[in-house]
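User: Could you take a close look at one part of this model for me? I'd like a connected walk through a helix pair and what surrounds it.

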Amino acid sequence: MRQELLSLPKTLADDVARNLVMVARLIDEEPEEAYAYSRIALRLASRVAAVREAAGFAAYANQKYSEALAEFRAARRMTGSADLWPVMADCERGMGRPERALAMAGEPEVRRLDKAGQVEMRLVAAGARRDMDQLDAAIVTLQSPELASNSVQPWTARLRYAYADALLAAGREEEAREWFAKAAESDKDGATDASDRLAELDGVEFVDALDDSEEADEADEAEGTESIATAELGTADSDSDTDTDGDKAPRAEAESTDVETGESSGPAEAGESRENGSDQG
């Protein structure tokens with residue numbers, strides 16, 4: 001890529017390089033932002049094959065398969081390389097043309113691919129078979145020396161995972177479990193979710209402790225809200241004992257004892273006793 005950028009003026013080459021670096025950094029986690037940087041690089045240097053390839057992968061990551069295919073074809077015309085052949089075939093799948101992807105799997109370009117490229121082409125062809133509901137053919141397509149090999153290569157986990165997934169789709173659960181286990185064993189970088197699929201087949205359910213903590217916090221919050229409501233209700237009951245002037249009338253004063261008879265009387269009678277006592281005074 002650096003060699004290709006030497007064809008540009010230095011300042012322009014630096015600007016293009018910075019955008020390509022951002023594409024590489026963001027394409028897995030922030031594909032939309034990576035796509036935006038790729039468009040800038042493409043606008044600056046559309047005649048550089050590496051720029052067209054980067055723009056193709058950014059479009060591919062955003063499922064813009066028609067645009068990605070056009071960029072890959074442009075890059076291939078500039079370089080004459082067959083390295084992009086598998087991803088070009090996968091773009092055909094993404095555009096709803098699996099039969100075209102299968103046709104590409106039989107083209108002479110496949111023989112020019114290295115081992116990794118040939119495995120990738122096999123994965124694409126098997127995916128196209130599945131797109132066409134040809135599950136048995138997909139399984140046969142994935143059966144290869146690379147699948148049977150005990151050595152672990154960069155493509156091993158993905159190849160075993162695809163085989164396990166095809167077996168499961170065909171209803172061959174026991175075989176699928178075996179190959180999901182093999183895929184998990186070879187997947188050191190976490191490129192697949194083979195471990196989760198294996199656990200699912202074994203009936204193992206994972207519980208997120210953080211989710212439980214959040215549920216507990218919500219329960220505590222709801223309990224606190226209920227306590228506040230209860231306290232407010234008690235305050236309202238207390239306020240109902242207040243007279244119209246706003247002065248409280250304690251229950252002790254609600255009943256009084258006649259000073260002469262010693263008998264209990266209601267509030268009105270107590271008021272009369274106070275008047276009588278005042279007159280006597």
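What follows is a question about one helix pair and a single connected reply.

User: How do the axes of helix α8 and helix α9 cross, and which residues meet there?

Analyst: Happy to go through it with you. Please keep in mind that this is a predicted model. For orientation, the protein has 281 residues, of which 31% are buried, and its secondary structure consists of 16 helices and two strands. Among the contacts with a separation of 6 or more, 46% join residues 24 or more positions apart.

Now to the pair itself. Helix α8 covers residues 115-131 and helix α9 covers residues 135-142; their axes come within 8 Å of each other and cross at roughly 170 degrees. Because of that angle, α8 is roughly antiparallel to α9. From α8, the residues that take part in the contact are Arg 122, Leu 123, Ala 125, Ala 126, Arg 129 and Arg 130. On the α9 side, their partners are Leu 135, Ala 137, Ala 138, Thr 141 and Leu 142. Sorted by class, the contact holds seven nonpolar residues, one polar residue and three charged ones.

The loop between the two helices deserves a look as well. Asp 133 is found in this loop between α8 and α9, and its phi is positive, about 60 degrees, although the residue is not a glycine. Most residues other than glycine have a negative phi. Asp 133 counts as exposed because its relative accessibility is 68%, and the cut-off is over 50%. You will find a similar case to inspect in the loop between α4 (49-61) and α5 (65-79), where Gln 63 sits. Gln 63 has a positive phi near 60 degrees and is likewise a residue other than glycine; with a relative accessible area of 60%, Gln 63 is exposed.

Back at α8, this helix also takes part in the largest pocket, which has a volume of about 460 Å³. Of the 18 residues that line the largest pocket, those nearest its centre are Asp 90, Arg 93, Glu 120, Leu 123 and Arg 158. Leu 123 is worth a second glance, as this residue of α8 is also one of those that meet α9. The largest share of the lining, six residues, comes from α8, while α6 (85-94), α8 and α11 each supply at least two. By class, the lining of this pocket has ten nonpolar, two polar and six charged residues.

From the pocket, α11 leads on to another packing site. The buried residues of α13 pack against α11 (156-169) and α12 (173-186). In α13, which spans residues 194-201, these buried residues are Ala 194, Arg 197, Leu 198 and Ala 199. After α13 comes Gly 203, with a positive phi near 80 degrees.

For a second pocket to set beside the one at α8, turn to the start of the chain. The second largest pocket holds about 250 Å³ of space, and its lining includes Met 1, Arg 2, Pro 9, Lys 10 and Asp 14. Helix α2 gives the most to this lining, with six residues. The lining of the second largest pocket has nine nonpolar, no polar and three charged residues. Also in α2 is Asn 19, which counts as buried because its relative accessibility is 11%. Leaving aside residues up to four places away in sequence, Asn 19 touches Tyr 37, Ile 40, Ala 41 and Leu 44.

Terms used:
Residues numbered from 1 in each chain as written. Predicted model: local features only at pLDDT ≥ 70, side-chain atom pairs only at ≥ 80, totals over all residues. Heavy atoms only, no water. Buried < 20%, exposed > 50% of the residue type's maximum accessible area, 1.4 Å probe, protein only. Helix = DSSP H or I, 4+ residues; strand = E, 2+ residues; numbered from the N terminus. Contact = heavy atoms within 4.5 Å. Axes fitted to C-alpha atoms, helices over the stretch in contact; angles between N-to-C directions. Parallel < 35°, antiparallel > 145°, perpendicular 65-115°, else oblique. Nonpolar A, V, L, I, M, F, W, Y, C, P; charged D, E, K, R; others polar. 1 Å grid on protein atoms, 1.4 Å probe; cavity = no way out; pocket = protein on both sides within 12 Å on 5 of 7 lines; lining within 4 Å. Points joined across faces, edges and corners; volume = space filled by probe spheres on them.
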